[in-house]
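Colleague: I am new to this structure and would like a close look at a single part, the second largest pocket. Please take me through what lines the pocket and where the pocket lies, and then through the enclosed spaces.

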Amino acid sequence: MKIFEKLSLISSIFLITFFGEIAVNIACGGEVDPYDYYISYFHNNVQGDEYTSFAFNQMAYLNSEENTESESEINSREWGKYLDVKPQDVHQIMYEADSAMKAKLQLYDGKISELPDSLQKNTFLQGLNKHKSALKYYIFAKSCEPFANVDFDLWNPKPRDTAGMSLLATEALTITKSEKDAFLKLRYAYQAERMFHYAGQHDDSKNVFEKFIKTDQSNSAVKGWALALYAGSVRRLGNPEESAFLFSKVFASNPERRVQAYKNYYYNSAPVSGALKYAKTDEEKANIWAINGFGNSDFDIESLNKVYQYDPKSQLTGTLLVREVNKLEQALIEANDIAKISFDYYFSYNDRSKSKDSVRNVNLKQLNEIRNFAVKLAAEKK
Amino acid sequence: MRKISILVIFVFFLFGCKQKSVVHPTFYFWKTDYHNHKAETAALSKFKSKSLYVRIMDVDFNPDFQQDVPVSPIKFSDPLPPQVDIIPVVFLVNRIFNEIDSNRIKLLADHIAVFVEAKVKQSGKSSYSELQIDCDWTKTSRDRYFEFLNHLKKHPLLKNKTISVTLRLHQVKNIATSGIPPVEKAMLMCYNMGNLRKYGNQNSILDQHEMDLYLKDYLENYPLKLDVALPTFEWAVVFRNKKYAGISKRINKGQIQDKKLFKQRENSILYDLLMDYPAAGLKRGDVIRWEEITTEDLLATSSFLSRYLKPEERNLVFYHLDTDLLKHFTDEDFRKVIANF
């Protein structure tokens with residue numbers, strides 16, 4: 001083959017592949033990126049990261065589905081402190097075990113010498129070895145796990161084993177009553193509440209909470225998780241307003257469950273006044289108003305004012321204020337042709353020009369109110 | 001002469017009486033939680049029902065998951081009575097066949113076969129002999145629905161099992177557009193035939209006029225073996241400003257007959273609400289159409305049907321098995337209706 005033919009063959013293949021790839025990218029590519037597809041000059045998390053999930057985002061229901069704290073790490077820390085071992089070791093065994101490790105651990109009954117070298121060095125397992133009642137709880141909790149963590153598959157015809165869960169719940173309740181160690185007592189009670197809850201025995205589940213968990217003096221995070229289950233049972237038993245209030249408490253107390261609590265608050269579809277009926281302290285009221293504000297994608301100075309009134313020092317005020325600023329950006333910044341590539345690019349409202357001025361006036365009025373609020377905030381320095 | 005008289009008598013016999021069909025009366029069970037209620041089980045024994053049609057689930061397309069999903073599958077809190085076999089029924093929302101490709105059809109058939117098998121086991125039965133698919137298919141969904149039925153027939157879990165489908169009146173009449181489903185037999189659904197949403201005095205559950213219109217000239221020629229389903233249920237259809245507003249489950253016959261609450265229009269099944277009734281979410285001036293089925297209705301329907309149905313062995317299924325609905329009919333009523341076929 002002549003050099004010319006070879007070269008032309010190579011170059012044409014190159015051209016076809018090169019432009020073909022671009023064509024494929026254009027055809028199949030590019031979903032709207034909710035963090036990049038609109039103009040904003042004001043970062044939606046300038047107030048700090050604690051409530052980042054609820055920062056304003058023009059395109060997503062929540063700015064982030066991630067909680068700011070990790071439940072597994074909190075639990076590992078509590079266990080680490082209790083057994084005086086390294087939290088990382090707890091995390092490794094409880095949450096990071098692969099199937100091979102799980103199989104080994106399933107047979108673990110305190111005889112640490114039978115485990116592989118890598119596990120023998122783990123301080124959590126050593127701690128359990130020394131602390132037999134903790135080991136007993138650990139094994140019990142593991143036996144509850146398959147009932148609680150079920151893969152979500154609608155086409156799985158197997159009903160949940162409510163009888164099995166009910167048995168475990170009763171067993172946990174019996175141990176709770178006799179257990180002296182406060183740390184373990186709380187956890188057994190939590191397992192009992194949880195198993196009753198999933199088995200659909202909501203009255204029993206509530207009783208366990210009221211009797212053993214509500215009265216617990218510690219500040220363990222388990223109490224918050226238990227409260228979330230309790231709130232769920234309250235809803236199932238037909239009191240959405242109280243349930244919404246209880247979820248607002250979980251929202252405030254447990255950052256690792258904040259997104260879950262927030263969503264559950266809204267599943268209740270209770271009006272804000274309904275949840276407020278149960279709130280006693282100013283802080284509780286502020287939280288309910290904050291959740292209410294986070295769920296509102298329209299201008300909402302009322303929630304902002306209420307939160308500031310009830311709990312002026314809270315970071316919630318800042319988060320809500322930044323949300324309002326971001327909303328104003330959405331309303332007032334006119335997309336020019338270069339940036340106009342989001343929603344407006346595809347769907348332009350034809351009749352917009354008619355009402356343009358009045359809409360603009362409303363937006364500007366809101367701008368003024370927000371500015372006044374911000375000035376007040378700065379002046380009062382609470 | 002004697003020969004002729006024998007011939008005459010023979011001919012007389014031939015035309016004088018039509019062959020009687022053998023009917024096996026039973027029920028649909030259409031609730032989502034099976035409890036063995038005494039009255040319901042007693043009804044099954046009285047009828048000597050060999051089988052019970054049990055709704056297993058609905059299947060609908062879920063846009064969030066982008067797939068077809070089971071909707072409120074049944075739960076068996078008690079096992080079915082030992083003498084009664086199960087005939088599982090799966091209701092498919094017609095819209096799933098509007099945009100479905102053959103891969104999804106296969107997957108759907110597979111999912112349903114596995115799910116039904118498991119639910120039958122949960123009902124306390126080791127197996128079943130008939131699976132019924134309930135779908136109000138139309139001209140546009142027809143081909144894909146039939147393809148689905150063919151896949152289902154070929155499924156290993158359904159080997160040696162009968163597949164039946166439900167048949168609406170319009171599918172009997174418009175045989176050219178609706179087609180004939182590729183199965184052995186069908187269940188003629190003699191209810192929900194009228195226009196539910198239209199304001200007026202008609203009974204949308206059972207309407208002889210509609211039956212005449214859709215069945216009279218067509219039923220005899222329908223090529224599949226037919227079972228028959230008859231209604232025994234009742235409901236309150238709500239109209240607000242003469243517009244259909246829904247079916248209220250919170251209105252029962254007792255309230256309808258309460259003179260303080262409702263005023264019946266003359267010779268009509270329409271009732272005017274005299275005051276606001278927040279317990280049922282109703283407002284003054286709303287109109288309720290109370291649709292119910294009487295023994296006379298059922299007798300008229302069964303006479304009509306027996307005239308046009310081919311004489312053969314068939315199941316006669318009442319919709320649906322419910323302790324309260326059973327109270328509306330005496331055993332004698334049921335017996336008359338059954339004997340009418």
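Modeller: What follows begins with the pocket and its domains and then turns to the cavities. This is a predicted model, in which local features need pLDDT of at least 70 and side-chain atom pairs count only at pLDDT 80 or more, while totals for chains, interfaces and linings use all residues. Residues are numbered from 1 along each chain as its sequence is written, chains are lettered from A and ligands numbered from 1 in the order in which they are written, and side-chain values use heavy atoms, with hydrogens and water left out.

The second largest pocket (a pocket being, on a 1 Å grid over the protein atoms alone, an open set of points with protein on both sides within 12 Å along at least five of seven lines) has a volume of about 1,300 Å³, where a volume is the space filled by probe spheres set on the points, which are joined across faces, edges and corners. Its lining, meaning residues with an atom within 4 Å of a point, is made of 33 residues, of which B:Asn192, B:Phe233, B:Trp235, B:Ile247 and B:Tyr319 lie nearest the centre. Among the elements of chain B that give two or more residues to this lining are strand S3 (51–62), helix H7 (208–215) and strand S12 (243–248); helices (H or I, at least four residues) and strands (E, at least two) are DSSP runs, numbered from the N terminus. By class, the lining of this pocket has 15 nonpolar, 7 polar and 11 charged residues, with Ala, Val, Leu, Ile, Met, Phe, Trp, Tyr, Cys and Pro counted as nonpolar, Asp, Glu, Lys and Arg as charged, and the others, Gly among them, as polar.

As for where the pocket lies, domain 1 (18–233 + 292–339) and domain 2 (235–291) of chain B both give residues to the lining, so the pocket lies between them; the bounds come from an automatic or database domain assignment. The C-alpha centres of these two domains of chain B lie 29 Å apart, and 14 residues of domain 1 are in contact (heavy atoms within 4.5 Å) with 16 residues of domain 2.

Turning to the cavities (sets of points where a 1.4 Å probe fits but cannot get out), there are 2 of 30 Å³ or more. The largest cavity holds about 50 Å³ of space, and its lining has 6 nonpolar, no polar and 4 charged residues, including B:Leu219, B:Tyr308 and B:Arg314. The second largest cavity has a volume of about 30 Å³, and B:Tyr319 is one of the residues that line this cavity, just as B:Tyr319 is named among those nearest the centre of the second largest pocket.
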